Amino acid sequence: MAFMWRGFSNLAEKFSSQPFLRYLLVVPFLVVFVIGSYNLGRISGKSSKVNGGEDSILSRERRDVVNPPSSSPAADPPPPPPSQSIRIVSSAGGAVYIRWGRTECPADSDAVYAGVVGGSAYGTHGGGSNPLCLPMNPLWSNFNENVEKGAKLYGAEYESPSGFDFANVGNRAPHDHNIPCVVCRSPTRNSALVVPARNVCYDGWNAEYTGYLMSGHPTHPGRSQFICVDGSPESDPAGFRDEGGALFYNVEGVCGSLPCPPYIQRREIVCAVCTK
């Protein structure tokens with residue numbers, strides 16, 4: 001320490017005796033002071049700008065809270081182009097069925113048309129087996145009345161009907177009377193089903209009408225399909241003259257291959273037309 005102190009004392013004496021050395025010692029301090037002051041000023045300026053910017057942002061936010069900017073009502077979105085338009089598909093029904101033996105449809109169905117039953121004559125071997133509900137306003141296309149046609153179409157008659165309610169035919173069995181029909185459409189249902197051997201529809205199905213199964217006689221050469229004839233039949237007032245044609249009889253069960261019970265021989269087979 002004594003050595004260092006002596007060195008410092010000698011250096012001080014030299015500076016005091018030589019002014020030029022004093023200047024060399026003072027100048028670096030001045031340079032450092034000037035540069036430090038300049039940098040300090042720049043830092044202070046930046047800080048004030050930042051603070052000023054924050055103050056401006058805070059001031060704007062306060063103004064927005066006190067006086068919120070007015071917003072114009074949102075405009076309605078433009079309508080979609082035609083290719084993107086929404087289509088609503090109707091889910092209406094359309095179950096179609098024939099009410100054999102009547103001229104009017106049930107209350108919940110619409111009549112497409114009413115007519116009379118037609119089919120092949122009972123004594124022929126050929127022809128169609130399916131009965132038709134023929135409209136009473138036929139139309140014609142090309143025709144030739146001079147040539148007899150091979151297939152024939154006849155009217156249809158009840159034959160010894162039993163089990164029915166005959167209130168619509170004067171409380172008398174309409175034996176040999178022509179059979180009317182009507183084509184019906186249910187606007188609220190989509191499916192139609194003929195259920196044999198039941199006069200009550202299964203759960204979830206609606207009964208359009210009930211009645212009895214009828215078909216051709218087993219001894220006749222011609223065959224015909226089974227139809228469900230309404231339980232309260234009507235007849236064509238003009239058709240009661242026993243003119244033949246397609247004849248329809250009640251259907252009964254025959255025990256053997258048909259399980260008895262539950263079926264019972266000689267009983268008339270009932271039926272129901274159901275929709276859903």
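**Exercise 1. Identify which residues of the largest nonpolar core touch the most other members, and which elements give two or more residues to this core.**

Solution. Begin with the term: a nonpolar core is a set of buried Ala, Val, Leu, Ile, Met, Phe, Trp, Tyr and Cys residues joined through side-chain atoms within 4.5 Å. Buried means under 20% relative accessible area, exposed means over 50%, and partly exposed lies in between (1.4 Å probe, protein chains only).

Next, consider the members. The largest nonpolar core has 29 residues, and Trp 100, Val 117, Met 214, Val 229 and Phe 248 touch the most other members. Two or more residues come from each of strands S1 (95-100), S4 (154-158), S5 (180-186), S7 (206-215), S8 (227-230), S9 (246-250) and S10 (270-275). Strands (E, at least two residues) are DSSP runs, numbered from the N terminus.

The structure is a predicted model, in which local features need pLDDT of at least 70 and side-chain atom pairs count only at pLDDT 80 or more, while totals for chains, interfaces and linings use all residues. Residues are numbered from 1 along each chain as its sequence is written, and side-chain values use heavy atoms, with hydrogens and water left out.

**Exercise 2. State which residues are in contact with Met 214, leaving aside its neighbours within four places in sequence.**

Solution. Contact means heavy atoms within 4.5 Å. By this criterion, the partners of Met 214 include the aromatic-ring residues Tyr 158, Phe 164, Phe 226, Phe 248 and Tyr 249. Pro 161, Gln 225, Ile 227, Val 229, Asn 250 and Val 251 are also in contact with Met 214.

**Exercise 3. Determine how many disulfides the whole structure has, and how the bonded cysteines are paired.**

Solution. A disulfide is a pair of cysteine sulfur atoms within 2.5 Å. A search of the whole structure finds 5 disulfides. With the bonded cysteines numbered in sequence order, the pairing reads 1-4, 2-3, 5-10, 6-9, 7-8.

**Exercise 4. For the disulfides Cys 133 to Cys 181, Cys 228 to Cys 271, and Cys 255 to Cys 260, establish the handedness and the burial of the cysteines.**

Solution. Step one: Cys 133 and Cys 181 are joined at an S to S distance of 2.1 Å. This link is right-handed, with 100 degrees about the S-S bond. Cys 133 lies in strand S3 (residues 132-135) and Cys 181 in strand S5, 48 residues apart. Cys 133 counts as buried because its relative accessibility is 7%.

Step two: the torsion about the S-S bond of Cys 228 and Cys 271 is about 90 degrees, so this disulfide is right-handed. Both Cys 228 and Cys 271 are buried.

Step three: for Cys 255 and Cys 260 the torsion is about -95 degrees, and therefore the disulfide is left-handed. Cys 255 is partly exposed because its relative accessibility is 33%.

Definitions and conventions:
Helices (H or I, at least four residues) and strands (E, at least two) are DSSP runs, numbered from the N terminus.
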